[in-house]
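Let's take a walk through this one together. Have the model open, and we'll go stop by stop.

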Amino acid sequence: MIPKRALCIHDMSTIGRCSLTVISPVLSTMGIQVIALPTAVLSTHFGGFGTPVMQDLTSFCSDTLNHYKKLGETFDCVFSGFLSSPKQIQIVKDAFKLSKSGIKLCDPVMADHGKLYSSITPELIEGFKDLCHHSDIIVPNPTEAQILLDRDYTKLVFSKEEAIEMVKSLGEKYNNIIITGTKFDDESVCCVGYDKKENEVFLIPLNYTPVSYPGTGDMFGACLAANILDGCDLKSACENSARFIEKVVEETYKTGSDTKYGVHIESMLKYLIK
């Protein structure tokens, strides 16, 4: 069988286990061919290492996409994440056209824990809102979900009723939604999803580990894409992805390693093999 192909438009942070350095092995292990299109190359991610060295690759992305068009390349999935300039919004929208019958998955990487990332500008925020309209599935965290709804994004804890209203509002505005890692006022944590075709809201409870690692959202998105490409519905794909992230976080937490280096994905990929 010929592997399905995913065009992954994300940054490459060389230290910190996030973005393409975790997306690529997850998808490959799950049988999906990765075509990596880096939006920027960074010495580290933005959390805990000081200011990283960053090389914007907007021109490279544009030229590469034009080359793909000339070659007539198509993809079963286009998965976008961190964008380093507003011009890259249009590049992703153009890339989506190369996956007409495939999955268009957007992780609107803007913020977390109630704070914007330092590289995010008002123009990029508006660009992400536009990009989400062109996506089949979006996977914001709770902070990003509130930004997309023009709400107070500093709120960190929600009632279940508030979370359900939030995901429904996003579903009305966009398409299929999964809000990752949503904390409730009863101290539980869930992924909160909305399947637009079924008009269904679903909650996937998580075994919460009191720690935060970079890159887990990127891994979740990769797992989600692979599960859907394998024929899972949105809810099942979300649950399968959440269970894997749980396992990786739990095992990494036991080691007591510095969180800024991310989860220990290397020893956990075996759990993704069919």
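**A tour of the model**

Our starting point is arginine 17, which sits in the loop between β1 (5–13) and α1. A word on the labels: helices (H or I, at least four residues) and strands (E, at least two) are DSSP runs, numbered from the N terminus. Keep in mind that this is a predicted model, where local features need pLDDT of at least 70 and side-chain atom pairs count only at pLDDT 80 or more, while totals for chains, interfaces and linings use all residues. Residues are numbered from 1 along each chain as its sequence is written, and side-chain values use heavy atoms, with hydrogens and water left out.

Back to arginine 17: its phi is near 50°, a positive value in a residue other than glycine. With 22% relative accessibility, arginine 17 counts as partly exposed; the scale here calls a residue buried under 20% relative accessible area, exposed over 50%, and partly exposed in between (1.4 Å probe, protein chains only). Histidine 113 is another non-glycine with a positive phi, about 50°. You'll find histidine 113 in the loop between β6 (111–112) and β7 (115–116), and it is partly exposed, at a relative accessible area of 48%.

Now for the helices. Two packed helices are described by the angle between their axes and the distance between the axes. The axes are lines fitted to C-alpha atoms, for helices over the stretch in contact, and angles run from 0 to 180 degrees between N-to-C directions. Helix α1 (residues 20–29) packs with helix α7 (residues 216–229) at about 25°, their axes 9 Å apart. The two are therefore roughly parallel, a label for angles under 35 degrees (over 145 is roughly antiparallel, 65 to 115 roughly perpendicular, and the rest oblique). α1 passes α7 in a right-handed crossing, that is, with the near helix turned clockwise from the far one by less than a right angle; anticlockwise would be left-handed. From α1 come Val22, Ile23, Val26 and Leu27, and from α7 Asp218, Met219, Ala222, Cys223 and Ala226, contact meaning heavy atoms within 4.5 Å. By type, the contact of α1 with α7 has eight nonpolar residues, no polar ones and one charged. In this count Ala, Val, Leu, Ile, Met, Phe, Trp, Tyr, Cys and Pro are nonpolar, Asp, Glu, Lys and Arg are charged, and the others, Gly among them, are polar.

Next up is helix α2 (residues 58–71), packed with helix α3 (residues 87–96) at about 20°, with axes 10 Å apart. That makes α2 roughly parallel to α3. The crossing of α2 past α3 is left-handed. Here Thr58, Cys61, Ser62, Leu65 and Lys69 of α2 meet Lys87, Gln88, Ile91, Asp94 and Ala95 of α3. The mix in the contact of α2 with α3 is four nonpolar, three polar and three charged.

On to alanine 40, in strand β2. At 0% relative accessibility, alanine 40 counts as buried. Leaving aside residues up to four places away in sequence, alanine 40 touches Asp11, Met12, Met54, Gln55, Asp56, Leu57, Phe82 and Ser84.

How many aromatic pairs does a search of the whole structure find? There are three, a pair being rings of Phe, Tyr and Trp (its six-membered ring) with centres within 6.5 Å; planes under 30 degrees apart are stacked, over 60 edge-to-face, and the rest tilted. The rings of phenylalanine 49 and tyrosine 261 have centres 5.3 Å apart and planes at 75°, so this pair is edge-to-face. It links distant parts of the chain, 212 residues apart: phenylalanine 49 is in the loop between β2 (33–42) and β3 (54–56), and tyrosine 261 in the segment after α8 (234–255).
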